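Subject: Structure handover

Hello,

Here is the structure you will be working with. My notes on it follow below.

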Amino acid sequence: MKYSYFPGCTLKNKAVDLDHYARVSAEALGFELEEISEWQCCGGVYPLGTDEIATKLASVRALNDAKEHGQDLVTVCSACHHVIKRVNDDMKNVDDIRTRANNYMKLDEPYAGETTVLHYLEVLRDRVGFDELKKKVVKPLTGKKIGAYYGCLLLRPGKLMAFDDPENPTIMEDFIRAIGAEPVIYPYRNECCGGYISLKEEDMSKNMCRKIEESAAGFGADMLITACPLCMYNLNKNNGGNLPVYYFTELLAEALGLKEEVDEQ
Amino acid sequence: MQRIGVFVCHCGTNIAATVDVKKVVEMALHEPGVVHAEDYAYMCSEAGQELIHKAIKEKHLTGLVVCSCSPRMHETTFRNAAEKAGLNPYMVEIANIREHCSWIHKDIEEATEKAVILMRAAVAKVNLDAPLKPGESRVTKRALVIGGGIAGIQTALDIAEAGYPVDIVEKTPSIGGRMSQLDKTFPTLDCSSCILTPKMGEVNAHPLINIYTYSEVESVSGFVGDFTVEIRKKARSVDMNKCTGCGVCQEKCPSKKTPSEFNRGLNTRSAIYTPFAQAVPNVPVIDRDACIKFKTGKCGICSKVCQAGAIDYDQIDEIVTEKYGAIVVATGFDMIKLDKYDEYAYSQSKDVITSLELERIMNAAGPTGGHLERLSDGKAPKEMVFIQCVGSRCADNRGKSYCSKICCMYTAKHAMLIRDKYPDTNVTVFYIDVRTPGKNFDEFYRRAVEDYGVNYIKGQVGKVIPQPNGKLLVQGADLLDNKQILKEADMVVLAAAIEPNPDVRKIATMLTASIDTNNFLTEAHAKLRPVESPTAGIFLSGVCQGPKDIPETVSQAGAAAVKAIGLLAKDKLLTNPCTAHSDELLCNGCSQCANVCPYGAITYEDKEVNDHGVRETRRIAVVNDALCQGCGACTVTCPSGAMDLQGFSNRQILAEVDAICR
């Protein structure tokens, strides 16, 4: 199975690990991520302004590219996923935005939200299947107690993202079980890390991250996993090194026995 | 040719403000057959009916069109008025220019045009009306009550006291319903069992009341006054006549791990069980899914220890068929599932409970023997937080749009009881509004606040956060203080919304009784006929019709009983003459009408017919007038146009359509 792949800027720089581990794991699991050519930055934040469409065009371009290739669009970064999925919903359901974006794009055939947007975790759950993944694990992470950190972008707005139950998600816990480790359920796993507020009000973000980490550690987690580079940044910056944070793809690659291979590259 | 009178009602300003009634009168006079037309402020009033009476007499009218409200409202009124003046009541047609016109339009010109069209269609129909005479049907003087909670118990007692036999069908092994699970009742704080169990005993002992517990309604056929109901008596595996209720079987039963339904799963019960000590009847049932004997064939201990020899593993379900004149639905409610409200951590922490669970915890016969304690570690809570409106008054589709009505009061009750019994325990209640519209209700709530020091905070809770140390953090908003609150609690109690018993859909379908989008049974009229279903002979008692507390339920149960008694007291009922008939010369016996008839009113007969001089025997549809409800399904299905409905004939319907399209 071939998917159109939108890595996003951070995965080309700071979060290059997230990207590499995702690609090699995909190959091992039997699907291919075909990077969209000349993709542009999603903007990092879903633009709430309904009168401004320029900030949505990067997403529309990527979505339309996937449509033209007849492929579903896969993202790994939570922020990119959030932005692209919501813009896709606009293109499908908001007449005004769709009309104006298409006027601007001048495509051969107008884009109307036809592309299915999937997060990498959704591919694992819905296309590969966690049972199938479990079978391919060669180095199970037995004994590791892992707290899934969802953050907010993957889950909310719940109806629109339709990713998992925003109040009691299970997808990352199921992933953790599939790679042989033990999930630790703690109440702050779906709370916000502060996001970009860390640039303006560092203390606020610090306070939010501290709560997340104390709660996870309190319930017995040895480490956290995330799908979001910004969450990773905030958590790492604020935790004083007490609780290591990994991208879920790194642990996936490790369980599939591919970590060394990537690290050598 | 008919001589038709058209009467246009203003309904105060309900109609007249949007419809030019004078114009409707003027236009009516141009319609074929119309010899008289007039308007009046309130046509349904005494004076309005007098106008109709006078016009019939003076103008020798043979048919009437009343342009007014829905026929559901006043068709009977105007038919009776016509009959008094010597006209056949079925010569009256209603043009609904209120609900179908004035209430839904704003523009006077448009609304008037539509009112004229509706009038015109009704006139066209009256022109083809023929006098009809209702038949008679008998009334079976026995009532069925579905549901054995306080609503069903009260209705059954009231009907039986009037001298009519009643059967109660209850799904669970005992009557008593939700009320039997409650500890105390507001606003008087009397013990629920103390006021309920005598009623349960009374029902059990009443010579005219027969109780089918562990039973379900299987099918319903027939119509008002003459229902035939099949009741499935599920195999109890215990002989009701032999069992003495000694309880030894329950004590000795080795399978004791099934969550107790009665205690909301907070503890377990044996496989052979009565739901609670005061169960009526005091005869256990064997839960075959949990019983070792049924699962493995080995065990049989209950049978060995039963002195009375009442255990019967070979018992099978039994179907009882009974006839009833009236059916009362009293199927009650349950609390909603909280799986969509995981922000309150109900599934994550044992110390987050529902109000009904707290009710069991507070009860002396409950899982903790009446001691208020945390289910996680058995410790007494020092800080309790109550969260109101969990799933009630919910704007999105996670919960219910309605107010569950009872939660404000029972939460005040819980708060007060806890403060009274455990003065060291602090109680905080998060609320959207406190609603106390009932006799002595607000006084009760004020007592909780003023005398018992319960801390009420206006605002909702966003999240309940279990802490590694076992405590719960409640994150909410205080809207009056305009600040965020983070409060540590030992226990959190959720006032979950109530919803109609899920079985009600199935039952409503069997009864052809309508239900609303929330699965509450619909009443015939929201204000004027609140305990009757639009389906004749079906009455509503208790929460199956809408959220209500015990006093309201008991009042409504009594009202439903009175309505049922009013029906049972009649010897005969007039039947609807608007029934279907098949034209034997057109019918080809294809069976399609019988297939669509929801009442089983159509059968086939081999009949000799004379078709243009050719005599032959044909298979022909025959309609049973007593069963036909005049729904018209057969008339639209019949491919040869043989089926026709009296009062709504194919010619009449087409004449109406023609009049509308003219």
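One residue makes a good way in. Leaving aside neighbours within four places in sequence, Val492(B) is in contact with Tyr344(B), Asp351(B), Val352(B), Val385(B), Ile387(B), Val464(B), Leu472(B) and Val474(B). Val492(B) also sits in the largest nonpolar core, which has 110 residues. Within that core, Ala143(B), Val329(B) and Val492(B) touch the most other members. A separate core of 80 residues includes Ala26(A), Leu73(A), Val83(A) and Phe163(A). In soluble globular proteins, nonpolar side chains tend to be buried together.

Please keep in mind that this is a predicted model.

Chain B overall

Chain B contains 18 helices and 34 strands. Its C-alpha atoms fill a box of roughly 90 × 65 × 40 Å along the principal axes. Of its 662 residues, 45% count as buried. Take the contacts in chain B with a separation of 6 or more: 70% of them come from residues 24 or more positions apart.

Two sheets in chain B

The parallel sheet is open and has 5 strands, in the order β10-β7-β6-β18-β29 (chain B). Its edges are β10 (209-212) and β29 (538-540) of chain B, and each pairs on one side only. Neighbouring strands are turned by 20° against each other on average, direction ignored. Inside this sheet, β6 (residues 143-146) and β18 (residues 326-329) of chain B pair in the parallel sense over 4 bridges. Ile146(B) has Val329(B) as its bridge partner in β18(B). Val329(B) is one of the core residues that touch the most other members.

The antiparallel sheet is open too, with 3 strands in the order β24-β25-β26 (chain B). Here the edge strands are β24 (461-466) and β26 (483-489) of chain B. The twist averages 20° from one strand to the next. β24(B) and β25 (residues 472-478) of chain B pair in the antiparallel sense over 5 bridges. Val464(B) has Val474(B) as its bridge partner in β25(B). Val464(B) and Val474(B) are both among the contacts of Val492(B).

Two enclosed helices

Each chain has a helix called α12, so watch the chain letter.

How does the length of α12 (residues 407-421) of chain B compare with what its 15 residues should span? At 1.5 Å a residue, the expected span is 21 Å. The end C-alpha atoms are 21 Å apart, which agrees. Of those 15 residues, 11 are buried, so α12(B) is largely enclosed by the rest of the structure. The buried set runs from Cys407(B) to Ala415(B) without a gap, then adds Met416(B) and Ile418(B). Lys413(B) and His414(B) are in that set. What covers the buried residues includes β8 (184-185), α11 (355-362), β21 (383-390), β22 (426-431), α13 (441-450) and β27 (491-496) of chain B.

In chain A, 7 of the 8 residues of α12 (residues 248-255) are buried, so this helix is largely enclosed as well. Among its buried residues are Phe248(A), Leu251(A), Leu252(A) and Glu254(A). They pack against α1 (16-29), α8 (171-178), β7 (223-226), β8 (245-247) and α13 (259-264) of chain A. Gly257(A) follows α12(A), with a positive phi near 75°.

Where the chains meet

In the contact between the chains, 7 residues of chain A touch 8 residues of chain B. The chain A side divides into 3 nonpolar, 2 polar and 2 charged residues.

Best wishes

Technical notes: Residues numbered from 1 in each chain as written. Chains lettered and ligands numbered in written order. Buried ≥ 20, exposed ≤ 12 C-beta atoms within 10 Å, placed from the backbone. Contact = placed C-beta atoms within 7 Å. Core = buried A, V, L, I, M, F, W, Y, C linked by C-beta atoms within 7 Å. Nonpolar A, V, L, I, M, F, W, Y, C, P; charged D, E, K, R; others polar. Pairing = 2+ DSSP bridges. Axes fitted to C-alpha atoms, helices over the stretch in contact; angles between N-to-C directions. Expected span 1.5 Å × (residues − 1).
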